[in-house]
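Biologist: Could you take me closely through the largest pocket of this model, beginning with what lines it and then working outward to the strands and helices around it? I would like one connected account rather than a list.

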Amino acid sequence: MLYKESQKFNHWWLWLLNLSIFAGLLYIAYRDWNAVPTMELLIGPLVIALVMILLATLELRTAISKDGLEVKFWPLGRKRIFKSEIKWAFVRKYSPLGEFGGWGYRVGSAGKAFNMYGSQGLQLEMQNGDRLLIGTQRPEELAEFIKDWLEPEDELTDEMVSLKLKELNENSLES
């Protein structure tokens with residue numbers, strides 16, 4: 001792996017909001033325990049508990065290797081892209097609400113997006129015209145990495161191969 005980034009929902013205000021709603025629903029269930037059927041009282045706290053579990057398990061992982069990149073948004077999706085499929089890539093500022101309608105796994109007029117929070121992301125355009133944005137919390141580091149990662153590797157031309165073979169032959173004849 002050449003580059004790795006992992007993001008989770010770590011917003012204190014979101015957890016405080018969920019815990020407040022959960023505590024309020026538990027208080028209502030306790031207060032009305034004898035007046036309302038038990039199942040109706042437990043639906044609210046159970047739904048909030050499930051939402052909190054989902055938020056705790058959501059994770060956006062970006063891994064870039066020599067031959068391509070993989071983005072996993074557990075448990076919502078995963079995408080593997082080979083380097084040869086990428087037409088261009090750069091890190092940019094974006095509007096999650098304006099361009100994609102929010103955070104998460106999104107499909108919009110600007111293409112697809114995997115984002116957790118923030119407004120910085122790696123914008124990819126594929127050879128086939130598809131667009132994908134991957135959110136990042138380390139935009140400067142990722143921008144520097146992508147710049148180096150996308151530079152074409154040195155390709156050997158026929159002339160370079162011939163010169164190298166000639167050099168090897170001369171060195172072997174001298175020994």
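Modeller: In this predicted model, β4 supplies the largest share of the lining of the largest pocket, namely 3 residues. The lining as a whole consists of K79, R80, I81, E85, G111, K112, M126, N128, D130, R131 and L132, and the elements that contribute two or more residues to it are β4 (77-82), β7 (111-115) and β9 (131-135). By character, the lining residues divide into 6 charged, 2 polar and 3 nonpolar, and the volume of the pocket comes to about 170 Å³. As background to such a value, rolling a probe the size of a water molecule over the atoms shows where empty space is left.

To place these contributors, one has to look at the sheets to which they belong. β4 is part of an open sheet of 4 strands, ordered β1-β2-β3-β4 and paired in the antiparallel sense. In that sheet β1 (3-8) and β4 are the edge strands, each having a single partner strand, so one side of each is left without a neighbour in the sheet. Neighbouring strands of this sheet are turned against each other by 5° on average, with direction ignored. The partner of β4 is β3 (residues 68-74), which runs antiparallel to β4 and is joined to it by 6 bridges; within this pairing, the lining residue I81 of β4 has L69 standing opposite.

At the other end of the strand order, β1 and β2 are likewise antiparallel, with 6 bridges between them, and T62 in β2 is the bridge partner of E5. The side chains of β1 alternate, with Y3, E5 and Q7 buried and pointing to one face, whereas K4, S6 and K8 point to the other face and are not buried. Helix α4 (residues 139-150) lies across β1, β2 (59-64) and β3, and its direction makes about 35° with that of β2.

The other two contributors, β7 and β9, lie in an open sheet of 5 strands with the order β5-β8-β9-β7-β6 and mixed pairing. Its edges are formed by β5 (86-93) and β6 (104-108), each of which pairs on one side only, and the twist averages 15° from one strand to the next. β7 and β9 run parallel and are joined by 3 bridges, and here two lining residues of the pocket face one another, since K112 stands opposite L132 in β9. Helix α4 also packs on this sheet, where it touches β5 and β8 (120-126) and runs at about 160° to β5. Among the remaining lining residues is M126, which falls at the end of the range of β8.

It remains to set the pocket against the whole chain. The protein has 9 strands and 5 helices, and 33% of its 175 residues count as buried. Of the contacts with a separation of 6 or more, 54% are between residues 24 or more positions apart.

Terms used:
Residues numbered from 1 in each chain as written. Predicted model: local features only at pLDDT ≥ 70, side-chain atom pairs only at ≥ 80, totals over all residues. Heavy atoms only, no water. 1 Å grid on protein atoms, 1.4 Å probe; cavity = no way out; pocket = protein on both sides within 12 Å on 5 of 7 lines; lining within 4 Å. Points joined across faces, edges and corners; volume = space filled by probe spheres on them. Nonpolar A, V, L, I, M, F, W, Y, C, P; charged D, E, K, R; others polar. Pairing = 2+ DSSP bridges. Axes fitted to C-alpha atoms, helices over the stretch in contact; angles between N-to-C directions. Contact = heavy atoms within 4.5 Å. Buried < 20%, exposed > 50% of the residue type's maximum accessible area, 1.4 Å probe, protein only.
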